[in-house]
Amino acid sequence: MISARIAFNVHSPINYPLHNPQLQIFPPPFFRFAPAKPFPDRLRGIQILFCAENQFDSPCGDDSSNRKIAAPPGCNSVKAATWVGVATLTSKILGLLREVTMASVFGVGPVVSAFKYAWVLPGFSSSLLGGVNGPIHIIMATTLSKLPKERGKKLFLHLTTIMFLIGGVAGALVYIFPELILRIYAPGLWILVEGKIIREMAMDQLKIMAPCIVLAGPVGLGFGYMSAEGNNALPSISPAFSSSLLIVGCLIHTFSRRLNAPSIGGKIVAVAVSLGLFLQWIIQATVLRTEWSSIFLDSLSNIVKSRDVCEFFSLLLPATVSSGLAQIASFTDLCFASLIPGAAAGLSYAYLMVMAPLGALSSIIVLPLVATFSKQVKTSSWDNLVDNLERALLLSMVLLLPIFSVMRILAEPIIHVLFQRFAFDSSASALVSDVFLAYSLGAPFFITKDVLVAAFYALGDGKGPFLVSAGAVALNAFLDWLSVSRFNLGAKGLALSTSFTAAASTFILFHLLKRKLPGIANYTDIFYPTTLLLFCCLISNLATSATYKLMCQLLSSSTFFSRHHLMKALVTASIAGCLGIVSFFVPVIVLHLSGFKIVRDLYKMLIQQQSLRPMAKSHTL
């Protein structure tokens, strides 16, 4: 939960960070120009509001006449934060349970594959536009915090009217032309032998989920309005509605003999998702019934001419374009995945396993850095900025590498414990395991890219990350074509393309950042810490592999574990994973005792839990 007021220099009034799969970071969508101050680089100084996650618990308004995004003081503030935390945790748990349930019921068969293709446009609308932390949610909440109550209410009504009209037109087009839409990003469904079944189910599901496109905009506005009023619990728990209904739909499909056909199962899944978003809208309409009562009463011409509406869309459109680049990359992956049986479902499950730890680490590391970097840019503390950036990169690697070193060795037992049951058989586990291994190669670059992008936007440079991301989309599409059409690598090749693209983007961003921050470490300075971390990964891999094999041999003689294979996999993976993570830090401790400075700094940062304060320069990353 992070709320911070940030002041820094920028080259242009609006710079938005790029959407990434690990973490949605939206820099302040609403800007208020501060009084002119003498900056050495003669750039404009502006004050912006940054709100991370979906929390708006701290007072962020500029004066008492404006509404503030705040929680009640004292005990009420703690209670509000507790409810938001519980709601967020509940949504995450139900989201994981949803994926596990779908994997158990449908495996990587045609139902899940069809759903992944059908969900592209409704998912883009629901998550990016109508979801919590989406551009509409963040921009609406921060905009309302700057406006008087009546003026903000009027803006909410005008925007809701526009969103209903835009969503209605888009939803109608999707409902009328589902086949044409699927041909654009899933041409392989007209080539594969089993593609006919998948595309027919996908078209039916797309029609059923067309209302998601209609409701996405109004739902996002409603969440922004409630966040501006200090009601964050409902936006935090909202994803749980769709997850719960989807789980119920899977159970109905499983236990109902008449509804057990795959085509019926696909429709049940689509209906559950649509009902989930519709339920969110119904709850919003109930909570905001006084605000919703006067919708559509104003003429459309007056709405379009409204200054607040124009300013809102001037902020929303660039944010949506920037965030949509990640969606375009996923479109290219799905386009080539449609040529490979079961690839779409396998990619989604493997990507979920990679993003789970990355999302948590990004929330812990990247979000606080936005405020830290920006304050140091404001005060022109360039040495401190370089030191903190280098240590943040090192900290990211130290926290991430042991996790993925262990997960790479234990990929098969982890997938077995999470997914392998009923329809999700051993062949599906093998597919997801291979794809996960390919994705995990790019995991260090995913989080490193987040840190570098945070530094770019603290420096007020949005153009560089935007152009790099746009180039990455083109590179990813080219590599997808090579891996599928030329090298026949299958789903693993698509994951490798994503990892390689992330690595290339990270190196380009690092090179560009070196030109902006001359004091940042050179490539030669990175060699030593990189070698040390790779050595730690090797030790961790060996320890995890040896422990896992030993535990399998020991437990195989037990009658209890011979009968309960799932429990055996869980115990062996847990023990091997814990020892593997511990063994990662053994070289760090040993080298610390021998006096190496990089390890001594790392020891202080991890063991002594020092904050990101400037330290003496050393050969650290």
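**Entry 1: salt bridges**

I began in helix 13, where E311 and R307 are 4 residues apart, so that about one helical turn separates them. I looked up this pair because E311 and R307 form a salt bridge, with their closest N and O atoms 3.1 Å apart, while E311 counts as partly exposed at 33% relative accessibility. R307, on the other side of the bridge, is exposed, with a relative accessible area of 61%. I note here that I am reading a predicted model, and that I keep this in mind for every entry below.

How many salt bridges does the structure hold? I find 4 in the structure, and I wrote down two others besides the pair in helix 13.

One of these joins R151 to D308, with the closest N and O atoms 2.8 Å apart. R151 belongs to helix 5 and D308 to helix 13, which spans residues 307–337, so this pair ties together parts that are 157 residues apart in sequence. I then asked how open each partner is, and I noted R151 as partly exposed, with a relative accessible area of 39%, whereas D308 counts as buried at 12% relative accessibility.

The other is between the side chains of E99 and R98, which meet with an N to O distance of 3.1 Å. E99 counts as buried because its relative accessibility is 10%, under the 20% cut-off, and R98, at 26%, counts as partly exposed.

**Entry 2: the second largest pocket**

I turned next to the second largest pocket, for which I noted a volume of about 700 Å³. Its lining is made of 23 residues, and those lying nearest the centre of the pocket are M397, L401, P444, F445 and T530. Which elements give two or more residues to this lining? I listed helix 15 (382–409), helix 18 (443–458), helix 20 (490–516) and helix 21 (523–556), and I marked helix 21 as the source of the largest share, with 7 residues. Sorting the lining of this pocket by class, I recorded 16 nonpolar, 6 polar and 1 charged residues.

**Entry 3: a nonpolar patch on the surface**

I looked at the surface for nonpolar side chains and found a patch of about 740 Å², made by V169, L173, Y175, I176, F177, L180 and I184. Helix 5 (149–176) and helix 6 (178–185) are the elements that each give two or more residues to this patch, and helix 5 gives the largest share, 4 residues. I picked out L180, one of the residues of the patch, and placed it in helix 6. L180 is exposed because its relative accessible area is 52%, which is over the 50% cut-off. Helix 5 had already come up in my first entry, as the helix that holds R151.

**Entry 4: positive phi angles in two loops**

I went on to backbone angles, and I stopped at F422, which has a positive phi of about 55 degrees although it is not a glycine. I placed F422 in the loop between helix 16 (411–418) and helix 17 (426–440). Is F422 buried or exposed? I noted F422 as exposed, with a relative accessible area of 76%.

N488 is another residue other than glycine with a positive phi, here near 50 degrees. This residue lies in the loop between helix 19 and helix 20, and at 61% relative accessibility N488 counts as exposed.

**Entry 5: residues apart in sequence**

I closed with two pairs of C-alpha atoms, beginning with a residue of helix 17, the helix that follows the loop of F422. A428 lies in helix 17 and counts as buried at 2% relative accessibility. Its partner in my notes is G346, and the two are 82 residues apart in sequence, with 7.4 Å between their C-alpha atoms.

The other pair starts from L475, which lies in helix 19, residues 463–486. At 27% relative accessibility L475 counts as partly exposed. I recorded 9.8 Å between the C-alpha atoms of L475 and S505, which are 30 residues apart along the chain.

Technical notes:
Residues are numbered from 1 along each chain as its sequence is written. This is a predicted model: local features need pLDDT of at least 70, side-chain atom pairs count only at pLDDT 80 or more; totals for chains, interfaces and linings use all residues. Side-chain values use heavy atoms; hydrogens and water are left out. On a 1 Å grid over the protein atoms alone, a cavity is a set of points where a 1.4 Å probe fits but cannot get out, and a pocket is an open set with protein on both sides within 12 Å along at least five of seven lines; lining residues have an atom within 4 Å of a point. Grid points are joined across faces, edges and corners, and a volume is the space filled by probe spheres set on the points. Ala, Val, Leu, Ile, Met, Phe, Trp, Tyr, Cys and Pro count as nonpolar, Asp, Glu, Lys and Arg as charged, and the others, Gly among them, as polar. Patches are made of residues with over 30% relative accessible area and no salt bridge: like charges are joined within 9 Å, nonpolar side chains (Val, Leu, Ile, Met, Phe, Trp, Tyr) within 5 Å. Accessible areas come from the Shrake-Rupley method with a 1.4 Å probe; for residues, only the protein chains shown count as cover. Buried means under 20% relative accessible area, exposed over 50%, partly exposed in between (1.4 Å probe, protein chains only).
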